[in-house]
Structure formats: C-alpha cells, structure tokens
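Colleague: I have a new model open and would like to learn how to read it. Could you take me through it, one feature at a time?

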Amino acid sequence: MSDRMIKTRIAPSPTGDPHVGTAYIALMNHCFTKKHGGKSILRIEDTDQVRSTRASEDMIIKSLRWLGFEWDEGPDVGGPNGPYRQSERSEIYTEHAQKLLDDGNAFKCYCDAERLTNMRKAQMKSGMPPRYDGTCLRLNPEDHAKHEAENTPFVVRLKIPVEGKCIVHDTIRGDIEFEWPEVDMQVLMKSDGLPTYHLANVVDDHLMGITHVMRGEEWISSAPKHLLLYQYFGWEAPVLTHLPLLRNLDKSKLSKRKNPTSILYFERAGYLPEALINFLGLFARASSEGEEMMTIDDMVKDFDANNISLGGPVFDMDKLDWLNGRYLRENMDSEEFLDKVKTWALNDEYLKPIAQMAQTRITKLSDLGDLLSFFFMNRIEGQTQENLRQVKLEELTQRQIYHLVLMQFDAAAVWDKETIEGILRNTAEKLDIKLKFLIQAMYVATTGSMQSVPLFDAITHLGRDIMRQRLRHAIELLGAPTKKEAKAWEELL
C-alpha cells in the first residue's frame, strides 16, 4: 500500500432518488478509509445537465446523513479541493482537455449524430461491437482547417493505442487484460463544452488527491480509458477496486422493478438506519463469522473487500426485515423505541397534513384508525386481487392504469399535488376513460378502500417511494404486462 495518506471518495450523480447501491458503495469506502486512518470526499458528479437536479443532490446528502455517514470534504462542508460539484469545475476540464489536444493524446471529432448512428448500425449488422471508427483521427490538416473555418461542432475524443494490451490491476479480481484496439475512442468533452464522466472523474480524482477508488463493477470496462488518461497526464493512478453489484434473489441486477431501491424508501417504510447499514455490512463479512448484528465500528475493524462475493451480494428483503426486527426488539428499551416511532411518523411534520386531510371525513376520533391506517403501512396489508377488482373497469384497463401511472411517477421531475393530478388526468385522457373511474382504481391501490381522504393529497404525502411499492403490488396481483403489452401501452402516452 502506498505511503500516501489514504483518501477515498463517493461520487453520486444527482439524477434521481438516492439508490441503496450508493449506500453500499459508500459503506465499503467508509470501512476501508476508517480502517486505514484516511480521509473521504463527497463529490457530486452532475455533468448530465439535463437530468441532474439540486433536489436530487439534497436527497442524496440527506439519505447519506440519515445512514450516519460523514465526510471530510464535500459541497456541504467545504474543503481545500473544491468546488465539489462538477458543474462548477468547467474551466478545469477545458484546460485539461486542451492539454490532451496539444500533446496529441486526443483529437477533435466532427462527425454528426446521423453519421455515428449509421456507423453503429452497420457495425452491429456485421457482428462487430459498436465503437468509433477513427474517421476524424485520420483527417488531414486541410480538412481540419475547413471544419474550423466553418465552425463545425465537435467533440474531443481520446486517442487509443493501435496495438498492445492494457492491464488493469484490481485488488479483488487480480489483473484484467484489455486489447487496446478493442477499446473505444471515448468522448471526453461534448459539443456543448461540458466534460463526460471519464475526463471529469480522472481529473477530479487526481486534483483531489484520491489514492483508492472503490466503485461498482460496471466501470471495469472504462478502467483502461481512465488509466490511459493518467498516463497521458503523467499522474500516478489510484488503486482500483471494482465492487460487485447488488443482486436480486434471482441473481439479476438489483432494480426498482423487482425491489425497492431508494434509500428514502427504507426510511419511510420504517427501517432503522443502523439495521440497513448492518445488512449492507454483511456483504463484506465472511459467511463463517458468527453474530450477524454488528456496529459500524465492528465493520471497520473487520473489513476485507475480499470477503465480498464476486457473484454479487444478494439483497434479501426477508433477511433485512429479520435484522430490522432484531434491532427494534433487542437494541432499545421502551422509551428509545417510542422515540424511534415518534421520529418515524408520530411527529407534527408527518401528522399535520394527515390531520388536515382527515378532519372533514370523520364523525368521531375513533374513526381515524380505519381511515388513516394506510399512512402507516409499507404495502397495503391484506390487499387482494378481489379487493382491487371492485372498480367499474375492465381488468385490462386497470392494469394499464397502474403500469402507465407508475411509469410517469418514476419519470416525474418533481413530486407535488399538481404533478400527480396532471399525471392521473393525462392517463385517463390517453386511455379514454372517465377520470372518476381511474380515481377509484387509484384509491383502492393506494388506500385499500374505494374512498378515503382526498386522493391527490394522500398520494403526495405518502411519497413517491411508497406509491411505487403499492402500484407494483397491485400490478403483481392483477398480472404484470408482457413485454409486448408494455410496449403497446407505453405508446399511448
């Protein structure tokens, strides 16, 4: 191990809800860093200007704080290597891209989208992997001058060696070989002057003093490009560890289509942060090691990335439920338990909107139990196909409603009453049904009843994560669409 002080980073993209995979990567980095007395950075990788939002960044920070993570440098705590949002570092990337061009290690590519699309189609038709064919790398000086004079839009691409191999050393996988001719000439700077992940990531890791990079295995194929950039700049590359992705029980990649994946879902559903961290920590513990309840200090002391199954740790919700139950029963007295309940849901912030919804719907306070119990559930307990089918709709139409609404809930940039009402009205219009029938279907999936407190307010207050679970549960009960059905339905929007 290098004599340099250990320094790691977590670098999420603020393009949606904070993913539990981010918590897993953050925990592995935390345990490694603390075990070796190092420092950590939180960096926000928001170069995707279309999808990145400050609201998503805020949720990421909130969720990581809820789990108990701290960092030495970051956008919220400052530090000597800022700014810590990539969107605020454009001049740095422009300067480094120009150095690559000046040194002959990158080139300007003037190919338009149509040419690139046709190129990839032809390659795939021929059974070749799609990658850039080097056309602009071979342009003569006259052609370059012509493009410059005409202000032709361009991207900056990485120049790749034409022969030889790249050896990527991974701490848990050993040496991984790549043939250079099979590595794509990666875009480093887009035509809008913003960097891609690859350039920004390498430049930031170097300038911020990162010594060890622990990230998901999906970045293995990008490692040769990153190592080549370090070589071109004359920098020492960090030590690489590519962690296996979290898996569903069927070994498929963990996705929101099969499991809840948002960290905020687990908070809203009543899981304890220490139980979720403990659960994720088991992925880096040898299966033969006894007691499964452990503190984060225990995880730091015993951490060894080689204990992680390269086949992918299985995200077993039943195991998480069992562990969370043990924490609730065994790790707190009745006063501490009550405090947890208050923090979770029995507080003014959560209860006041519920009270406002319920006040006009009851005749006595004891009515509140049946009316409002759905606000304190994950999925609707006891929900059945028969209960869902109370509505005056064809079953096919009801399945379409849940599928299309779920899609739009997933894609919504903001979560508020107006957005939700707009989605439901749009779905009713596209399916050519009366809004009142769609609302009935949404009521029974959301609350378990055909009528309750105001629907748009209830959905807003429950939040996106819980609503996803309820709609997925309804879809499971009525029957998920086939690929053909889903494609046809989605064309209606």
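**Reading charged pairs, strands and loops**

Modeller: Happy to. Let's start with a pair of side chains: R85 and E88 meet in a salt bridge, 3.2 Å from N to O. Please keep in mind that this is a predicted model.

Colleague: What is the general idea behind such a pair?

Modeller: Side chains of opposite charge can pair when their charged atoms come close. In this case R85 counts as buried, at 14% relative accessibility, because the cut-off for buried is under 20%. Its partner E88 is partly exposed, at 40%.

Colleague: How many salt bridges does a search of the whole structure find?

Modeller: The search gives 32. One of them joins the side chains of R468 and D17, at 2.7 Å from N to O. R468 sits in helix α20 (residues 464-478) and D17 in the loop between β1 (7-10) and α1 (20-35), so this pair ties together parts that are 451 residues apart in sequence.

Colleague: Are R468 and D17 buried or exposed?

Modeller: R468 is buried, with a relative accessible area of 8%, whereas D17 is partly exposed at 23%.

Colleague: Which residue pairs with E476 in a salt bridge?

Modeller: That is R379, and the N to O distance is 3.5 Å. R379 belongs to the loop between α14 (368-372) and α15 (385-388), while E476 is in helix α20, so the pair ties together parts 97 residues apart in sequence. As for exposure, R379 is partly exposed with a relative accessible area of 32%, and E476 is exposed with 54%. Salt bridges can also share partners: R9, R43, E45, R89, D204 and D205 are joined in that way into one network.

Colleague: Let's turn to strands. What should I know before looking at them?

Modeller: Strands of a sheet pair through backbone hydrogen bonds, either parallel or antiparallel. Here, β5 (residues 165-170) and β6 (residues 174-179) pair in the antiparallel sense over 6 bridges. The two form a hairpin, with 3 residues between them. To find your place in it, look for H169, which stands opposite D175 in β6.

Colleague: Which side chains of β5 point to the buried face?

Modeller: They are C166, V168 and D170. The side chains alternate along the strand, and K165, I167 and H169 point to the other face and are not buried.

Colleague: In what order do the strands of the open sheet come?

Modeller: The order is β3-β4-β7, three strands with antiparallel pairing. β3 (106-109) and β7 (187-189) stand at the edges with a single partner strand each, so one side of each has no neighbour in the sheet. From one strand to the next, the twist averages 45°. Between β3 and β4 (residues 155-158) there are 4 bridges, and K108 has V156 in β4 as its bridge partner.

Colleague: Now the backbone. Where is there a cis peptide bond?

Modeller: Look at the bond from G82 to P83, where omega is near 0°. P83 is placed in the loop between α2 (54-66) and α3 (90-102).

Colleague: And which residues other than glycine have a positive phi?

Modeller: Examples include K251, with a phi of about 75°, and D432, with a phi near 55°. K251 lies in the loop between β9 (239-243) and α8 (263-268) and is partly exposed at 45% relative accessibility. D432 is in the loop between α17 (417-431) and α18 (435-447), and it is exposed at 70%.

Colleague: Stepping back, how do I read the chain as a whole?

Modeller: Begin with the inventory, which is 21 helices and 9 strands. The radius of gyration is 26 Å, close to the 23 Å that the globule rule gives for 493 residues, so the chain is as compact as a globular protein of that length. Its C-alpha atoms fill a box of roughly 80 × 55 × 40 Å along the principal axes.

Colleague: What share of the residues is buried, and what supplies the exposed area?

Modeller: Of the 493 residues, 49% count as buried. The chain exposes about 24,200 Å², and carbon and sulfur atoms supply 50% of that. Finally, among contacts between residues at least 6 apart in sequence, 76% join residues at least 24 apart.

Definitions and conventions: Residues numbered from 1 in each chain as written. Heavy atoms only, no water. Buried < 20%, exposed > 50% of the residue type's maximum accessible area, 1.4 Å probe, protein only. Pairing = 2+ DSSP bridges. Axes fitted to C-alpha atoms, helices over the stretch in contact; angles between N-to-C directions. Salt bridge = Lys/Arg side-chain N within 4 Å of Asp/Glu carboxyl O. Rg over C-alpha atoms; globule rule 2.2 N^0.38 Å. Contact = heavy atoms within 4.5 Å. Areas by Shrake-Rupley, 256 points an atom, 1.4 Å probe, with all protein chains shown as cover.
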